[in-house]
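Please look through the model shown below, and then follow the text as it moves from a single loop residue to the chain as a whole.

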Amino acid sequence: MDTKPLYEKAEKAINQAFKLTKESVKMVSEKAGEAAQITKLLIEKVALEHRASKQFAKLGHQVYEKALRQGETISLKDSKFKDLIEETKKLDVELAQVEATLQEEQKSGRSKK
């Protein structure tokens, strides 16, 4: 069984979910009359979550291939895993920053009302 179609199916599903989420955020933001900054932050948050999901999928694919298909031992010192983990950590930090900024913006928006 070729794993590429499985990975491609997973990636396609992630991309579709991202697109729908992004569209939903735009629609909800417009209907709720939120400020442009909050809308921008919501879209940035969804984009970062999408990128992180893709990183997790790549990492899971690499683990699956190495451990189950090739029967090799997995080591976090392996450069493939190390690089994917570092990239995912960076996305996690970026996402936390965006979420914190979003919360501040939403709080200040509520206090103005």
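**From a loop residue to the helices**

Aspartate 78 counts as buried because its relative accessibility is 17%, where buried means under 20% relative accessible area, exposed means over 50% and partly exposed lies in between (1.4 Å probe, protein chains only). This is a predicted model, in which local features need pLDDT of at least 70 and side-chain atom pairs count only at pLDDT 80 or more, while totals for chains, interfaces and linings use all residues. Residues are numbered from 1 along each chain as its sequence is written, and side-chain values use heavy atoms, with hydrogens and water left out.

Aspartate 78 is placed in the loop between H2 and H3, where helices (H or I, at least four residues) and strands (E, at least two) are DSSP runs numbered from the N terminus. Its side chain and that of lysine 66 form a salt bridge, with an N to O distance of 2.5 Å; the term stands for a side-chain nitrogen of Lys or Arg within 4 Å of a carboxyl oxygen of Asp or Glu. This pair links distant parts of the chain, since lysine 66 belongs to helix H2 and aspartate 78 to the loop between H2 and H3, 12 residues apart. Salt bridges with shared partners bring Lys66, Glu72 and Asp78 together in one network. The other link in this network runs from glutamate 72 to lysine 66, with the closest N and O atoms 3.8 Å apart. Lysine 66 is buried, at a relative accessible area of 19%, whereas glutamate 72 is partly exposed, at 38%. Also to be found after H2 is glycine 71, whose phi is positive, near 65°.

How many salt bridges does the count come to? By the rule given above, the count is six. One of them joins lysine 54 to glutamate 11, and here the closest N and O atoms are 3.4 Å apart. Because lysine 54 lies in helix H2 and glutamate 11 in helix H1, the pair ties together parts that are 43 residues apart in sequence. Lysine 54 is partly exposed, with a relative accessible area of 24%, and glutamate 11 also counts as partly exposed, at 26% relative accessibility.

The next topic is the whole chain. Its secondary structure comes to three helices and zero strands, and along the sequence the pattern reads α-α-α. For H2, the 34 residues should span 50 Å at 1.5 Å a residue, which agrees with the 48 Å between its end C-alpha atoms; the expected span is 1.5 Å times one less than the number of residues in the helix. The buried residues of H2 include nonpolar ones such as Ile38, Leu41 and Leu59, and also Thr39, His50, Gln55, Glu65 and Lys66.

Which residues make up the largest nonpolar core? The core has 12 residues in all, namely Phe18, Val25, Ile38, Leu41, Leu42, Val46, Leu48, Ala52, Leu91, Leu95, Val98 and Leu102. Helix H1 (3–32), helix H2 (36–69) and helix H3 (79–112) each supply at least two residues of this core, and H2 gives the most, with six. A nonpolar core is here a set of buried Ala, Val, Leu, Ile, Met, Phe, Trp, Tyr and Cys residues joined through side-chain atoms within 4.5 Å. In soluble globular proteins, nonpolar side chains tend to be buried together.

Valine 46, a residue of helix H2, shows how the core is put together in one place. Valine 46 counts as buried because its relative accessibility is 8%. Not counting residues up to four places away in sequence, valine 46 touches Phe18, Thr21, Lys22 and Val25, a contact being heavy atoms within 4.5 Å. Valine 46 and lysine 22 are 24 residues apart in sequence, and their C-alpha atoms are 6.5 Å apart in space. Phenylalanine 18, with its neighbours within four places left aside, is in contact with Val46, Ala47 and His50. Histidine 50 and lysine 19 are 31 residues apart in sequence and 9.3 Å apart in space, C-alpha to C-alpha. Lysine 19 has its place in helix H1 and is exposed, with a relative accessible area of 53%.

Finally, among contacts in the protein chain with a separation of 6 or more, 69% come from residues 24 or more positions apart. Buried residues make up 22% of the 113 residues in the chain.
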